[in-house]
Amino acid sequence: MTQVIVLNGGSSSGKSGIVRCLQAVLPEPWLALGTDTLVDAMPASMQTSDGGIEFGPGGEVIVGPEFRTLEAAWIEGVAAMARAGARVIVDEVFLGGASSQQRWRKALDGLGVVWVGVRCDAAVAAGREVARGDRTIGMAASQADVVHQGVTYDLEVDTTHTEALECARAIAARAR
(Lines give C-alpha, C1' and ligand atoms only; values in the text may rest on other atoms or scores of the structure.)
Protein backbone atom coordinates (compact mmCIF):
# COMPACT_ATOMS: atom_id res chain seq x y z
CA MET A 1 0.00 0.00 0.00
CA THR A 2 1.38 3.39 -0.97
CA GLN A 3 1.64 5.79 1.95
CA VAL A 4 3.98 8.38 0.45
CA ILE A 5 4.43 9.74 -3.07
CA VAL A 6 7.66 11.68 -3.52
CA LEU A 7 7.79 14.01 -6.51
CA ASN A 8 11.26 15.29 -7.37
CA GLY A 9 11.92 17.90 -10.00
CA GLY A 10 13.46 21.28 -10.56
CA SER A 11 11.82 24.59 -9.85
CA SER A 12 8.87 25.35 -12.17
CA SER A 13 8.84 21.79 -13.53
CA GLY A 14 5.13 21.41 -12.74
CA LYS A 15 5.22 19.51 -9.45
CA SER A 16 2.75 21.75 -7.62
CA GLY A 17 0.14 21.40 -10.37
CA ILE A 18 0.59 17.64 -10.35
CA VAL A 19 0.18 17.58 -6.55
CA ARG A 20 -3.14 19.45 -6.77
CA CYS A 21 -4.35 17.07 -9.49
CA LEU A 22 -3.23 14.04 -7.46
CA GLN A 23 -5.26 15.27 -4.51
CA ALA A 24 -8.27 15.49 -6.83
CA VAL A 25 -7.91 12.07 -8.51
CA LEU A 26 -6.75 9.89 -5.62
CA PRO A 27 -9.71 8.28 -3.84
CA GLU A 28 -8.47 8.97 -0.30
CA PRO A 29 -7.37 12.30 1.20
CA TRP A 30 -3.65 13.04 0.82
CA LEU A 31 -1.63 15.76 2.54
CA ALA A 32 0.63 17.86 0.30
CA LEU A 33 3.94 18.91 1.80
CA GLY A 34 6.99 20.22 0.06
CA THR A 35 10.26 21.99 0.23
CA ASP A 36 8.42 25.32 -0.17
CA THR A 37 6.40 24.40 2.94
CA LEU A 38 9.65 23.90 4.84
CA VAL A 39 11.23 27.14 3.61
CA ASP A 40 8.06 29.12 4.32
CA ALA A 41 7.95 27.75 7.87
CA MET A 42 11.49 28.94 8.62
CA PRO A 43 12.13 32.34 10.13
CA ALA A 44 12.95 35.06 7.59
CA SER A 45 16.40 35.38 9.12
CA MET A 46 17.24 31.92 7.72
CA GLN A 47 17.16 33.45 4.24
CA THR A 48 19.80 36.01 5.09
CA SER A 49 22.28 33.94 7.07
CA ASP A 50 25.14 31.70 5.96
CA GLY A 51 23.67 28.86 8.00
CA GLY A 52 20.25 29.04 6.38
CA ILE A 53 19.24 29.10 2.74
CA GLU A 54 20.36 31.62 0.14
CA PHE A 55 19.10 32.22 -3.37
CA GLY A 56 21.86 33.52 -5.60
CA PRO A 57 21.39 35.96 -8.49
CA GLY A 58 21.89 33.19 -11.07
CA GLY A 59 19.28 30.92 -9.52
CA GLU A 60 21.66 28.90 -7.37
CA VAL A 61 20.43 27.68 -4.01
CA ILE A 62 22.96 27.45 -1.19
CA VAL A 63 22.02 25.73 2.05
CA GLY A 64 23.90 25.88 5.31
CA PRO A 65 24.12 23.71 8.43
CA GLU A 66 21.16 25.30 10.24
CA PHE A 67 18.96 24.62 7.22
CA ARG A 68 20.16 21.01 7.07
CA THR A 69 19.35 20.50 10.76
CA LEU A 70 15.80 21.77 10.32
CA GLU A 71 15.40 19.87 7.04
CA ALA A 72 16.42 16.60 8.73
CA ALA A 73 13.82 17.15 11.48
CA TRP A 74 11.20 18.03 8.87
CA ILE A 75 11.90 14.89 6.83
CA GLU A 76 11.56 12.76 9.97
CA GLY A 77 8.33 14.60 10.80
CA VAL A 78 6.86 13.87 7.37
CA ALA A 79 7.79 10.19 7.81
CA ALA A 80 6.17 10.18 11.26
CA MET A 81 2.92 11.54 9.80
CA ALA A 82 2.90 8.73 7.25
CA ARG A 83 3.59 6.18 9.98
CA ALA A 84 0.69 7.66 11.97
CA GLY A 85 -1.68 6.98 9.08
CA ALA A 86 -1.59 10.10 6.92
CA ARG A 87 -1.07 9.66 3.19
CA VAL A 88 1.50 12.22 2.08
CA ILE A 89 2.56 13.68 -1.25
CA VAL A 90 6.01 15.26 -1.01
CA ASP A 91 6.93 18.01 -3.51
CA GLU A 92 10.74 18.07 -3.42
CA VAL A 93 13.80 19.45 -5.18
CA PHE A 94 16.75 17.08 -4.70
CA LEU A 95 19.50 19.69 -4.98
CA GLY A 96 21.99 16.98 -4.00
CA GLY A 97 20.59 14.40 -6.42
CA ALA A 98 21.18 10.89 -5.06
CA SER A 99 22.35 12.10 -1.63
CA SER A 100 19.09 14.02 -1.19
CA GLN A 101 17.08 10.94 -2.11
CA GLN A 102 19.12 8.87 0.35
CA ARG A 103 18.10 11.14 3.25
CA TRP A 104 14.45 10.56 2.34
CA ARG A 105 14.93 6.82 1.78
CA LYS A 106 16.39 6.44 5.26
CA ALA A 107 13.51 8.32 6.90
CA LEU A 108 10.81 6.54 4.86
CA ASP A 109 12.26 3.04 5.34
CA GLY A 110 9.49 0.50 5.86
CA LEU A 111 6.79 2.69 4.30
CA GLY A 112 5.14 2.18 0.91
CA VAL A 113 6.74 4.88 -1.26
CA VAL A 114 6.37 5.73 -4.94
CA TRP A 115 9.33 7.76 -6.25
CA VAL A 116 8.41 10.03 -9.16
CA GLY A 117 10.75 12.09 -11.32
CA VAL A 118 9.11 15.20 -12.72
CA ARG A 119 11.04 16.34 -15.75
CA CYS A 120 10.57 19.43 -17.89
CA ASP A 121 12.68 20.93 -20.64
CA ALA A 122 14.88 23.62 -19.07
CA ALA A 123 13.72 26.32 -21.52
CA VAL A 124 10.04 25.54 -20.85
CA ALA A 125 10.60 25.56 -17.08
CA ALA A 126 12.46 28.89 -17.41
CA GLY A 127 9.48 30.35 -19.23
CA ARG A 128 7.16 29.19 -16.47
CA GLU A 129 9.52 30.66 -13.90
CA VAL A 130 9.28 34.11 -15.50
CA ALA A 131 5.48 33.82 -15.77
CA ARG A 132 5.17 32.88 -12.08
CA GLY A 133 7.04 35.94 -10.93
CA ASP A 134 7.84 34.46 -7.51
CA ARG A 135 11.10 32.65 -8.26
CA THR A 136 14.69 33.73 -8.69
CA ILE A 137 15.35 33.86 -12.42
CA GLY A 138 17.75 31.10 -13.43
CA MET A 139 16.64 28.62 -10.78
CA ALA A 140 14.57 26.49 -13.18
CA ALA A 141 17.33 26.13 -15.75
CA SER A 142 20.01 25.42 -13.15
CA GLN A 143 17.92 22.70 -11.46
CA ALA A 144 16.30 21.00 -14.47
CA ASP A 145 18.88 18.22 -14.77
CA VAL A 146 20.98 18.30 -11.59
CA VAL A 147 18.08 17.27 -9.32
CA HIS A 148 17.79 13.96 -11.20
CA GLN A 149 21.48 12.96 -11.13
CA GLY A 150 21.83 9.53 -9.58
CA VAL A 151 18.19 9.42 -8.46
CA THR A 152 16.17 6.25 -9.05
CA TYR A 153 12.45 6.39 -9.74
CA ASP A 154 9.47 4.08 -9.94
CA LEU A 155 7.95 6.38 -12.56
CA GLU A 156 8.95 9.48 -14.50
CA VAL A 157 6.67 12.07 -16.06
CA ASP A 158 7.58 14.93 -18.36
CA THR A 159 5.52 18.11 -18.14
CA THR A 160 7.12 19.72 -21.18
CA HIS A 161 4.17 18.66 -23.34
CA THR A 162 2.00 16.70 -20.89
CA GLU A 163 -0.64 18.34 -18.70
CA ALA A 164 -0.55 17.98 -14.92
CA LEU A 165 -3.80 15.99 -14.83
CA GLU A 166 -2.47 13.37 -17.23
CA CYS A 167 0.73 13.08 -15.18
CA ALA A 168 -1.32 12.77 -11.99
CA ARG A 169 -3.43 9.99 -13.44
CA ALA A 170 -0.30 8.03 -14.40
CA ILE A 171 1.11 8.49 -10.88
CA ALA A 172 -2.20 7.55 -9.24
CA ALA A 173 -2.34 4.35 -11.30
CA ARG A 174 1.18 3.43 -10.09
CA ALA A 175 0.39 4.33 -6.47
CA ARG A 176 -2.49 1.87 -6.04
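Me: What separates Arg68 and Glu71 in helix H3?

Reply: Happy to start there. In this predicted model, Arg68 and Glu71 are three residues apart in helix H3, so about one helical turn lies between them.

Me: What makes Arg68 and Glu71 a salt bridge?

Reply: The closest N and O atoms of Arg68 and Glu71 are 2.7 Å apart. The cut-off is within 4 Å, so the pair counts as a salt bridge. In general, side chains of opposite charge can pair when their charged atoms come close.

Me: Is Arg68 buried or exposed, or something in between, and what about Glu71?

Reply: Arg68 has a relative accessible area of 31%, and partly exposed covers what lies between 20% and 50%, so Arg68 is partly exposed. Glu71 is at 8%, and because buried means under 20%, Glu71 is buried.

Me: How do you know that Arg119 and Glu156 form a salt bridge, too?

Reply: By the N to O distance again: the closest atoms are 2.5 Å apart, and the limit is within 4 Å, so the pair qualifies. This pair links distant parts of the chain, with Arg119 in strand S6 (residues 113-119) and Glu156 in strand S7 (residues 155-158), 37 residues apart. Arg119 is partly exposed at 29% relative accessibility, and Glu156 is partly exposed at 43%. There is also a network: salt bridges with shared partners join Arg68, Glu71 and Arg103.

Me: Why is the contact of Glu28 and Arg87 called a salt bridge?

Reply: Their side chains meet at 4.0 Å, N to O, and the cut-off is within 4 Å, so the pair is counted. Glu28 sits in the loop between helix H1 (15-25) and strand S2 (31-34), and Arg87 in the loop between H3 and strand S5 (88-92), so the salt bridge ties together parts that are 59 residues apart in sequence. Glu28, at 32%, is partly exposed, and so is Arg87, at 26%.

Me: How many salt bridges are there by this rule?

Reply: The count comes to seven salt bridges.

Me: Why is the pair of Trp74 and Trp104 called edge-to-face?

Reply: The structure holds one aromatic pair. The ring centres of Trp74 and Trp104 are 5.6 Å apart, within the 6.5 Å limit, and the planes stand at 90 degrees, over the 60 needed, so the pair is edge-to-face. Trp74 is in helix H3 (residues 65-83) and Trp104 in helix H4 (residues 98-107), 30 residues apart, which makes this a link between distant parts of the chain. Both Trp74 and Trp104 are buried.

Me: What makes Arg105 a charge over the ring of Trp115?

Reply: Arg105 lies over the face of Trp115, 4.8 Å from the ring centre. The distance limit is within 6 Å, so 4.8 Å passes.

Me: Why do Cys21 and Cys167 not form a disulfide?

Reply: The sulfur of Cys21 is 8.8 Å from the closest cysteine sulfur, that of Cys167, while a disulfide needs sulfur atoms within 2.5 Å, so the two are too far apart for a bond. Cys167 is thus in no disulfide, and the count by this rule is zero. Cys21, with a relative accessible area of 18%, is under the 20% limit and so counts as buried. Cys167 is buried at 2%.

Me: How do you know that the span of helix H7 agrees with what it should be?

Reply: At 1.5 Å a residue, the 12 residues of H7 (residues 164-175) should span 16 Å, and the end C-alpha atoms are 16 Å apart, so the two values agree.

Me: What puts the buried residues of H7 on the same side?

Reply: The buried residues are Cys167, Ala168, Ile171, Ala172 and Ala175. They cover an arc of only 135 degrees around the axis, so they lie on the same side of H7. The face turned away from that buried side carries the exposed residues Glu166, Arg169 and Ala173.

Me: Why is Phe94 called buried?

Reply: Phe94 has a relative accessible area of 0%, and buried means under 20%, so the label fits. Phe94 lies in the loop between S5 and H4.

Me: And what makes Trp30 buried?

Reply: The relative accessible area of Trp30 is 7%, under the 20% limit, so Trp30 is buried. Trp30 has its place in the loop between H1 and S2. The C-alpha atoms of Trp30 and Gln3 are separated by 9.0 Å, with the two residues 27 apart along the chain.

Note on methods:
Residues are numbered from 1 along each chain as its sequence is written. This is a predicted model: local features need pLDDT of at least 70, side-chain atom pairs count only at pLDDT 80 or more; totals for chains, interfaces and linings use all residues. Side-chain values use heavy atoms; hydrogens and water are left out. Rings of Phe, Tyr and Trp (its six-membered ring) pair if their centres lie within 6.5 Å; planes under 30 degrees apart count as stacked, over 60 as edge-to-face and the rest as tilted. Helices (H or I, at least four residues) and strands (E, at least two) are DSSP runs, numbered from the N terminus. Buried means under 20% relative accessible area, exposed over 50%, partly exposed in between (1.4 Å probe, protein chains only). A charge sits over a ring if NZ of Lys or CZ of Arg is within 6 Å of the ring centre and within 35 degrees of the ring normal. The expected span of a helix is 1.5 Å times one less than its number of residues. The arc is that of the directions from the helix axis to the C-beta atoms.
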